[in-house]
Amino acid sequence: MVLPFLVVALNAVKSPADYSANGPLSLPEGIHLDGLRDFWQRVDFGRKLFNSVLISGSVAVLAALLSVLNAYAIGIGRIRGRPWVLAFFVLANMLPQEALVYPVYYLSKQVGLYDTRLSVIIVFTVIQSAFGTYLLSSVLGAFPKEVIEAARIDGATKWQVLWRVVVPVSRPTIGVLLVFFFIWTWNEFLLPLVMLISNDNQTVSVALGVLQGQRLMDATMTNAAALLGVLPAFCFFLIFQRTLTRGIAMGAVK
């Protein structure tokens, strides 16, 4: 995992002449930032970066919130037909995104949300929350009933039980979902490519596609684009690595 990243990073700071003469596995003779600068200016990367952060961050928060509400109703509320509801969410996770392209495109056209970041946020919030609901339902299904009963005896309402008892205890798992939702949405390509046709609304993953030529490829700029595309998600992962590790460890202990 680290070795490919280092190869991409080294090739991103090579000059085209150095790359052609010594190949992709050689060390750079000097640091050349022309490829990074050219790609940034060519695709207006600052704008694409803002769009990706906005969409991925919004989806992570909204999908986690929706997952908590759904899982609370299914796992603790014990709604009727619980196995069938969970089976529905499992099937939703198995549905390929290619099957969603035309329905989502048509519906967004009908409601006037086509080529807006809000449309992508709504779609991915629903998609990601399907997995989050299934995971959290399993966690909350084993939640100690004694704790909930004690809170209700003390006069707590259902909302208070959720936000003051269930959510604090389930915070590590919710943190894992936030990290996964952000990274998964960041890497999405197909639906943003179809739904965001304006240059001002496109994401980083879509911007990387402009470098694909029919007969010619700039290797230095391609590596620079790959580095700039993966670096924000990599930094996000490093920042929240403790949250991810703690959540997985607690899940294993339980």
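Threonine 173 lies in helix H10, which spans residues 171-186. In this predicted model, threonine 173 counts as buried, because its relative accessibility is 14% and the cut-off for burial is under 20%. Leaving aside neighbours within four places in sequence, threonine 173 is in contact with Leu135, Leu136 and Val139. The chain around it holds 14 helices and zero strands.

**Overall fold**

- The sequence order of elements reads α-α-α-α-α-α-α-α-α-α-α-α-α-α, in line with the count of 14 helices and zero strands.
- The chain has 254 residues, and buried residues make up 39% of them.
- Of the contacts between residues at least 6 apart in sequence, 77% join residues at least 24 apart.
- About 14,600 Å² of the chain is exposed, and carbon and sulfur atoms supply 67% of that area.

**Threonine 203 and its surroundings**

- Threonine 203 sits in the loop between helix H11 (190-195) and helix H12 (204-207).
- With a relative accessibility of 6%, threonine 203 counts as buried, since the cut-off is under 20%.
- The side chain of threonine 203 makes a polar contact with the side chain of serine 205, at 3.2 Å.
- Not counting residues up to four places away in sequence, threonine 203 touches Lys48, Ser52, Ile55, Pro192 and Leu196.
- Among these partners, Lys48, Ser52 and Ile55 fall within the residue range of helix H4 (45-76).
- Pro192, another partner of threonine 203, falls within the range of helix H11 (190-195).

**Loop aspartates with positive phi**

- Aspartate 44 has a phi near 55 degrees, a positive value in a residue other than glycine.
- The location of aspartate 44 is the loop between helix H3 (34-43) and helix H4 (45-76).
- Aspartate 44 is partly exposed, because its relative accessible area of 36% falls between the 20% and 50% cut-offs.
- Aspartate 115 also has a positive phi in a residue other than glycine, here near 65 degrees.
- The loop that holds aspartate 115 runs between H6 and helix H7 (117-141).
- Aspartate 115 counts as buried, because its relative accessibility is 15% and burial means under 20%.

**Leucine 107 on helix H6**

- Leucine 107 belongs to helix H6, residues 101-111.
- A relative accessible area of 54% makes leucine 107 exposed, because that class begins over 50%.
- Leucine 107 and serine 119 are 12 residues apart in sequence, with their C-alpha atoms 9.7 Å apart in space.
- Serine 119, the other end of this pair, falls within the range of helix H7 (117-141).

**Nonpolar surface patch**

- Val230, Leu231, Phe234, Phe237 and Leu238 form a nonpolar patch on the surface.
- Together these five residues have about 370 Å² of accessible area.
- Leucine 231, one of the patch residues, is found in helix H13 (residues 219-239).
- Leucine 231 is partly exposed, because its relative accessible area is 32%, between the 20% and 50% cut-offs.
- That 32% also satisfies the patch requirement of over 30% relative accessible area.

How values were computed. Residues are numbered from 1 along each chain as its sequence is written. This is a predicted model: local features need pLDDT of at least 70, side-chain atom pairs count only at pLDDT 80 or more; totals for chains, interfaces and linings use all residues. Side-chain values use heavy atoms; hydrogens and water are left out. Helices (H or I, at least four residues) and strands (E, at least two) are DSSP runs, numbered from the N terminus. Buried means under 20% relative accessible area, exposed over 50%, partly exposed in between (1.4 Å probe, protein chains only). A polar contact is a pair of N or O atoms within 3.5 Å; within protein, one must be able to donate a hydrogen and the other to accept it, and residues adjacent in sequence count only if both atoms are side-chain atoms. Contact means heavy atoms within 4.5 Å. Patches are made of residues with over 30% relative accessible area and no salt bridge: like charges are joined within 9 Å, nonpolar side chains (Val, Leu, Ile, Met, Phe, Trp, Tyr) within 5 Å. Accessible areas come from the Shrake-Rupley method with a 1.4 Å probe; for residues, only the protein chains shown count as cover. A salt bridge is a side-chain nitrogen of Lys or Arg within 4 Å of a carboxyl oxygen of Asp or Glu.
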